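This report describes selected backbone features and one metal site. Please consult the sequence and the structure shown here.

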Amino acid sequence: MPWLSYRKALNRALGDELARDPAVFVLGEDVRVAVSNVTAGLLGRFGPERVLDTPLSEQAFTGFATGAALAGMRPVIEFQIPALLFLAFEQIVNQAHKFSLMTGGQTAVPVTYLVPGSGSRAGWAGQHSDHPYALFAHAGVKTVVPATPEDAYGLVVSAIRDDDPVVVFAPAGALDVRVDVDFATLAPVPLGVGRVHREGSDVTVVAIGHLVHDALAVADELAGEASVEVFDPRTVYPFDWDGLAGSVRRTGRLVVVDDANRTCGIAAEVLATAAERFDLSAPPARVTRPDGAVVPFAPALDRAVQPDRDQLATAIRKVLKD
Amino acid sequence: MALLSAAAHADLYRTVRLIRRFEERAVELVRAGDIVGGIHPCTGQEAVAAGVCAALRADDMITSTHRGHGHVLAKGADPKRVLAELAGRTTGLNRGRGGSMHAADFRLGILGANAIVGANAPITAGAAWAAKRAGDGRVAVSFFGDGAVNQGVLLESLNLAALWRLPVLFVCENNGYATTLTVADAVAGTITGRGEAFGIPSTTVDGMDPVAVLDAARTAVDRARAGGGPSLIECVTYRFDVHHTWEHRARVRYRPDDEIVKGRSRDPLEIQGSRLSDVDRERVDAEVESLVDDAVAFALSSPHPDPEDALDHLYATGLRGRPGDGR
Ligand SMILES: Cc1ncc(C[n+]2csc(CCOP(=O)(O)OP(=O)(O)O)c2C)c(N)n1
Ligand SMILES: [Mg+2]
């Protein structure tokens with residue numbers, strides 16, 4: 001079977017949707033030359049009218065996508081840096097997201113905001129290394145963080161086809177993941193449905209994005225001591241609460257690993273929901289970036305603020321002991 | 001100036017008169033507590049909405065501002081449903097979900113008024129781009145105030161529209177103030193200079209005269225439809241009433257009395273009214289009066305939304321999030 005890399009999966013999803021639906025177009029900075037590689041080959045296949053290089057005007061081109069969507073198009077914006085979402089937060093959260101309700105359901109804004117390379121990129125320092133998906137979840141904007149190439153393909157396709165705005169975080173830590181896959185099996189992955197990557201009976205680890213792979217490695221490592229279930233929500237908003245409830249019902253214990261700042265993060269939301277709804281046999285734990293982390297430049301410092309496998313193993317052991 | 005038929009003059013006058021009376025009645029409803037949150041009345045500035053929209057086709061698109069009732073009415077929105085929206089009723093344009101600053105009617109190309117200064121500019125550009133791609137000849141108008149010309153997103157949008165030759169009209173209503181701040185205290189250079197910097201044909205017109213506005217808008221619309229790209233029209237105007245109705249109670253003072261007297265001395269209603277015979281004018285006035293009476297009656301007798309439905313339409317797909325009430 002052929003290899004599919006995460007990056008290539010994003011590329012394939014864009015190409016397939018551009019081919020399927022003439023309303024779809026891609027815009028962003030350096031997308032024609034495909035500096036991020038995600039739009040590679042699309043200019044040649046679909047032409048400059050559907051693969052639009054924009055000036056460095058994030059606010060204008062994000063608002064522009066809203067207008068194009070209101071007029072019947074399905075724009076996909078590629079953002080070069082996760083922090084660019086801060087510049088366009090107004091256009092996404094206060095404009096695109098609010099049109100449906102505020103117009104009494106007259107219209108929809110089907111825009112996809114794609115961030116290939118979110119989170120730490122090793123050596124790019126504080127302004128390039130954020131993982132602000134919880135901000136969008138808080139605002140109620142549909143937000144996905146695929147962990148694997150096949151889910152990246154399937155979630156991007158679903159994001160583009162969805163009638164609401166959807167933000168797609170493709171973690172830098174997952175971009176080089178490759179799977180051996182039959183391309184014919186690639187399919188849309190519904191938003192809001194999690195995935196159990198590994199079944200277990202002692203503890204549920206909720207892992208987000210690239211950390212799914214770390215969680216699986218830790219589960220292997222601990223195989224002699226504990227049976228670890230790895231649950232990947234895939235979509236952080238709307239979250240698959242029923243899926244997680246099912247997992248926790250089997251295991252009774254919960255650890256969350258989330259590569260984002262601690263306060264008001266997705267891990268915090270999972271723990272709050274667990275306190276309200278789940279019947280846990282031990283206090284849950286979360287492994288996250290520190291509160292208010294700004295990712296420092298030096299590699300050892302950069303790694304120091306990201307959740308790692310040792311921290312996760314320690315948290316699992318602690319939850320199992322309680 | 002273009003020679004217009006008597007009927008065309010009467011149409012312009014009807015629009016100006018409708019907006020004026022609509023706003024006056026809306027202010028009364030604010031005072032009476034029937035419109036919650038107040039409004040930004042556009043009395044005095046009616047000529048801009050009337051002149052620009054008279055140059056448009058029914059399928060052309062507009063976006064508007066916090067001071068947007070005039071634009072929406074001039075584009076053809078039903079006064080009943082606009083007023084019902086202001087009163088937060090289910091029969092409103094937005095089913096009571098938008099209110100004064102967000103009136104939208106997509107069937108009429110009204111892509112929404114917008115409460116964030118400058119935010120409508122890129123939306124207009126995107127809609128115009130889609131129209132250009134579809135080749136349907138539609139143009140899109142972005143109305144904005146003098147306060148918006150210092151917003152980065154507006155300048156970014158001027159660049160995009162010029163770069164991609166988009167069929168957009170940027171219509172600046174320069175009423176001299178952004179809330180209490182004068183243009184002199186806020187704008188370095190000029191408003192038309194901002195357009196010219198991007199190679200956009202930019203003109204300043206008398207924004208108190210609907211015919212002068214219509215003239216400039218026609219030139220710009222023709223250019224846009226012919227593929228000539230965007231234009232910017234600065235309409236110099238004066239707001240007769242407050243920035244927002246909270247001023248009726250707060251009485252902040254920032255406009256000198258003599259300026260107010262001078263500003264009000266050129267009234268679009270009189271400028272356009274003088275172009276009609278007395279009989280015609282009285283006939284239009286009577287028509288408008290009954291339209292507005294009907295609108296008030298309709299709005300006040302319409303149902304209030306059910307609190308259970310507060311988050312209806314939040315997602316186009318019908319997604320429902322978790323309730324917040326501890327259930
Ligand atoms: C981006 C933004 N900043 C501030 C405000 C608050 N605000 C609402 S209207 C207004 C003044 C706008 O002035 P102008 O654009 O000239 O329009 P006018 O009110 O004169 O019609 C301000 C500051 C806002 N709504 N949006
Ligand atoms: Mg102003």
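## Backbone features and a magnesium site

At 38% relative accessibility, B:R95 counts as partly exposed, a class lying between buried (under 20% relative accessible area) and exposed (over 50%), computed with a 1.4 Å probe on protein chains only. The model is predicted: local features need pLDDT of at least 70, side-chain atom pairs count only at pLDDT 80 or more, and totals for chains, interfaces and linings use all residues. Residues are numbered from 1 along each chain as its sequence is written, chains are lettered from A and ligands numbered from 1 in the order in which they are written, and side-chain values use heavy atoms, with hydrogens and water left out.

Most residues other than glycine have a negative phi, and most peptide bonds are trans. Two residues of chain B other than glycine have a positive phi:

| Residue | Phi | Relative accessibility |
|---|---|---|
| B:R95 | near 60° | 38% |
| B:H313 | near 70° | 27% |

B:R95 sits in the loop between helix 4 (79-86) and strand 2 (110-113), whereas B:H313 belongs to the segment after helix 13 (278-301). Helices (H or I, at least four residues) and strands (E, at least two) are DSSP runs, numbered from the N terminus. In chain A, the peptide bond from A:Y237 to A:P238 is cis, with omega near -5°.

The magnesium ion (ligand 2) has as protein donors B:D146 (OD), B:N175 (OD1) and B:Y177 (O), 2.0 to 2.1 Å away. Donors are N, O and S atoms within 2.8 Å of the metal (3.2 Å for Na, K and Ca); water is not among the atoms, so sites may look incomplete. B:D146 is buried at 3% relative accessible area, and B:Y177 is buried at 7%.
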